[in-house]
Amino acid sequence: QNCHFGLNYHLNSILSLPVCFCPQDLSFKGRHWHDDCFHCFKCHRSLVDKPFSTKDEQLLCTECYSNEYSSKCFECKKTIMPGSRKMEHKGNSWHETCFTCQRCQQPIGTKSFIPKDNNNYCVPCYEKQFALQCVHCKKPITTGGVTYHDQPWHKDCFLCTGCKQQLSGQRFTSRDDFPYCLNCFCNLYAKKCAACTTPISGLGGSKYISFEERQWHNDCFNCKKCLVSLVGRGFLTERDDILCPDCGKDI
């Protein structure tokens, strides 16, 4: 059995934030700098008229912030720049253009996909390459399924030959390689009890008595007169009846 996943776009935090420019005074969020002091904390390049980011109240140019704090693409290993879209799955990140189907190499985006062996596949490609085909309808089995005679079936396709009810999750048997629910099999093929006339399935280890081409359920194999069970005991017959030795003395 396999699951489908979906992704959402994430927009990395880019900080091209409003700065108030006054002669000899730069301000941002209530803080002020001289022109010459408004520079990147790491590389010390001027940030005047340039996009920047902040971390722990320190100013950082976009490049330094990306190198220090931005995610790395799981596919190309390059930095995912602030402001660009990224895809995330199970703790890993990708550039939007790097998150592609292993088979068709098309971007997956926010569509459903299926991971397998550390690779990701769009649903159509996964079905073509890996999914089993139902022996009945010839369509891919993407979830669940039933195996019968070493062949895969959709649950909705695995039906009783007689009543056409689903057999998945219930006991069934077969005749000439055709599956049947127990009711249909018993009504069509099972022998009938000589006492109660209902079918004797013989399935699941149930026991029955057979004598001269007649069969009885164990619970039905009783003396006709005194009704004592004759299972494992000697008995006599009188026409179609069976009798215990005591009741048969007068025969």
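Visitor: Is Cys181 buried or exposed?
Guide: In this predicted model, Cys181 counts as buried, at 8% relative accessibility.

Visitor: Which cysteine sulfur is closest to the sulfur of Cys181?
Guide: That sulfur belongs to Cys184, and the two lie 3.6 Å apart. This is too far for a bond, because a disulfide requires cysteine sulfur atoms within 2.5 Å.

Visitor: What about Cys98, buried or exposed?
Guide: Cys98 is buried, with a relative accessible area of 18%. The closest cysteine sulfur to that of Cys98 is in Cys73, at 3.8 Å, again too far for a bond.

Visitor: How many disulfides does the count come to?
Guide: The count comes to zero disulfides.

Visitor: Turning to the interior, how many residues has the largest nonpolar core?
Guide: The largest nonpolar core has 15 residues. Those with the most contacts inside this core are Cys73, Trp94, Phe99, Cys101 and Ile108.

Visitor: Which elements each supply at least two residues of this core?
Guide: Strand S9 (113–116), strand S10 (119–122) and helix H2 (123–129) each do so. H2 gives the most, with three residues.

Visitor: And what does Ile108 touch?
Guide: Leaving aside residues up to four places away in sequence, Ile108 touches Phe99, Thr100, Cys101, Phe113, Asn120 and Cys122.

Visitor: Which residues does the second core include?
Guide: The second core is separate and has 13 residues, among them Val146, Tyr148, Cys160 and Tyr180.

Visitor: How do strands S15 and S16 run, parallel or antiparallel?
Guide: S15 (residues 172–175) and S16 (residues 178–181) run antiparallel and are joined by four bridges. In one of these pairings, Arg175 has Phe178 in S16 as its bridge partner.

Visitor: How many residues are between the strands of that hairpin?
Guide: There are two residues between the strands, and Asp176 takes a positive phi near 55° in this hairpin.

Visitor: Changing topic to helix H1, which of its residues are buried?
Guide: In H1 (residues 62–69), the buried residues are Thr62, Cys64, Tyr65 and Ser66. Their cover includes strand S5 (52–55) and strand S6 (58–61).

Visitor: What does the secondary structure of the whole chain come to?
Guide: The chain has three helices and 22 strands. Of its 251 residues, 31% count as buried.

Visitor: What share of the contacts with a separation of 6 or more comes from residues 24 or more positions apart?
Guide: Such residues account for 24% of those contacts.

Visitor: Finally, how much area does the chain expose?
Guide: The chain exposes about 16300 Å², of which carbon and sulfur atoms supply 47%.

Notes. Residues numbered from 1 in each chain as written. Predicted model: local features only at pLDDT ≥ 70, side-chain atom pairs only at ≥ 80, totals over all residues. Heavy atoms only, no water. Core = buried A, V, L, I, M, F, W, Y, C linked by side-chain atoms within 4.5 Å. Buried < 20%, exposed > 50% of the residue type's maximum accessible area, 1.4 Å probe, protein only. Contact = heavy atoms within 4.5 Å. Pairing = 2+ DSSP bridges. Areas by Shrake-Rupley, 256 points an atom, 1.4 Å probe, with all protein chains shown as cover.
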